[in-house]
Amino acid sequence: SMTKEGSDIAHWLNERGVAAFVLKYRLGPTYHNPIELRDAQRAIRMVRANAAEYGIAPDHLGMWGFSAGGHLTATAGTNFDAGNPSAADPIDRQGSRPDFLILSYPVITMQDPYAHTGSRKYLLGDDPDPAQVQSMSDELQVTKDTPPTFLFSTTDDQTVPVMNSVMFYSALVKAGVPAEMHLFQNGRHGSGLGVGNPQLSVWPELLIKWMRERGYA
């Protein structure tokens, strides 16, 4: 969703004084794990390497994902490295850890009963190895080094079960990671910023409040 969950989001951030980049990454079924993660990590390294040129703080680099993009964001936040200081490519010298995560109705787990089966199929293939299913279930990969996270979802989401968000939030709390989650009772999947929905339209203001409190906006 390059507009509703891409450029529209970037413009919303810009209007609030936040620089934004939209990641266009390779997707299944043509591409499978770990290609998507490698694209995300490369993007983070690239932005961080060019932070001075862009006029941004390299230690305030967050990642925001919706739905399956939320899984990519959570995966980037639980699978990262400090970079290779001896790499010939200066971009590869940069760390790939986001400084904070924003997850909107995210896919998190690859395990039943709460997995979004379409995401699992396109990411891991038709008959994935159980070990890979576990390793790509992000609620199982959270550590104390996972970035601070803001989550938004709706209880009656009929596409991605809300328990995806709940499980990730629970794992963050257990690991001692700063986290804030807002669950609304009603709202269809793919609601974006909730434009035109009086119930959901308040959630972006909760997000920007969280960002400002933490110095990200």
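In this predicted model, Asn33 touches Leu123, Leu124, Gln132 and Met136, not counting residues up to four places away in sequence. Asn33 lies in the loop between α1 and α2, and because its relative accessible area is 17%, under the 20% cut-off, Asn33 counts as buried. The points below turn to the nonpolar cores, to one strand residue, and to the helices on either side of that loop.

**The nonpolar cores**

- In soluble globular proteins, nonpolar side chains tend to be buried together.
- The largest nonpolar core here has 20 residues, and those with the most contacts inside it are Trp64, Trp203, Leu207 and Met211.
- At least two residues of this core are supplied by each of α1 (3–14), β1 (62–66), β2 (100–104), β3 (149–154) and α8 (203–213), with the largest share, five residues, coming from α8.
- Trp203, leaving aside its neighbours within four places in sequence, is in contact with Trp64, Ser104, Phe150, Phe152, Phe184, Gly192, Leu193 and Gly194.
- A second, separate core has nine residues, among them Leu103, Val142, Phe168 and Val177.

**Phe150 in strand β3**

- Phe150 is found in strand β3 and, with a relative accessible area of 1%, is buried.
- Not counting residues up to four places away in sequence, Phe150 touches Leu101, Ile102, Leu103, Glu180, His182, Trp203, Leu206, Leu207 and Trp210.
- One of these partners, Glu180, is 30 residues from Phe150 in sequence, yet the two are 4.9 Å apart in space, C-alpha to C-alpha.

**The buried face of α1**

- An α-helix has 3.6 residues a turn, so residues three or four places apart point the same way.
- The buried residues of α1 are Gly6, Ile9, Ala10, Trp12 and Leu13; seen down the helix axis, they fall within an arc of 160°, so they line one face of the helix.
- These buried residues of α1 pack against β1 and α8, two of the elements that supply at least two residues each to the largest core.

**How α2 meets α4**

- Two packed helices are described by the angle between their axes and the distance between the axes.
- For helix α2 (residues 35–49) and helix α4 (residues 68–78), the axes come within 10 Å and cross at roughly 65°, and the two helices are therefore roughly perpendicular to each other.
- The crossing in which α2 passes α4 is right-handed, and the contact is made by Glu36, Leu37, Ala40 and Ile44 of α2 together with Leu72, Thr75 and Ala76 of α4.

Note on methods:
Residues are numbered from 1 along each chain as its sequence is written. This is a predicted model: local features need pLDDT of at least 70, side-chain atom pairs count only at pLDDT 80 or more; totals for chains, interfaces and linings use all residues. Side-chain values use heavy atoms; hydrogens and water are left out. A nonpolar core is a set of buried Ala, Val, Leu, Ile, Met, Phe, Trp, Tyr and Cys residues joined through side-chain atoms within 4.5 Å. Buried means under 20% relative accessible area, exposed over 50%, partly exposed in between (1.4 Å probe, protein chains only). Helices (H or I, at least four residues) and strands (E, at least two) are DSSP runs, numbered from the N terminus. Contact means heavy atoms within 4.5 Å. The arc is that of the directions from the helix axis to the C-beta atoms. Axes are lines fitted to C-alpha atoms, for helices over the stretch in contact, and angles run from 0 to 180 degrees between N-to-C directions. Angles under 35 degrees count as roughly parallel, over 145 as roughly antiparallel, 65 to 115 as roughly perpendicular and the rest as oblique. A crossing is left-handed if the near helix is turned anticlockwise from the far one by less than a right angle, and right-handed if clockwise.
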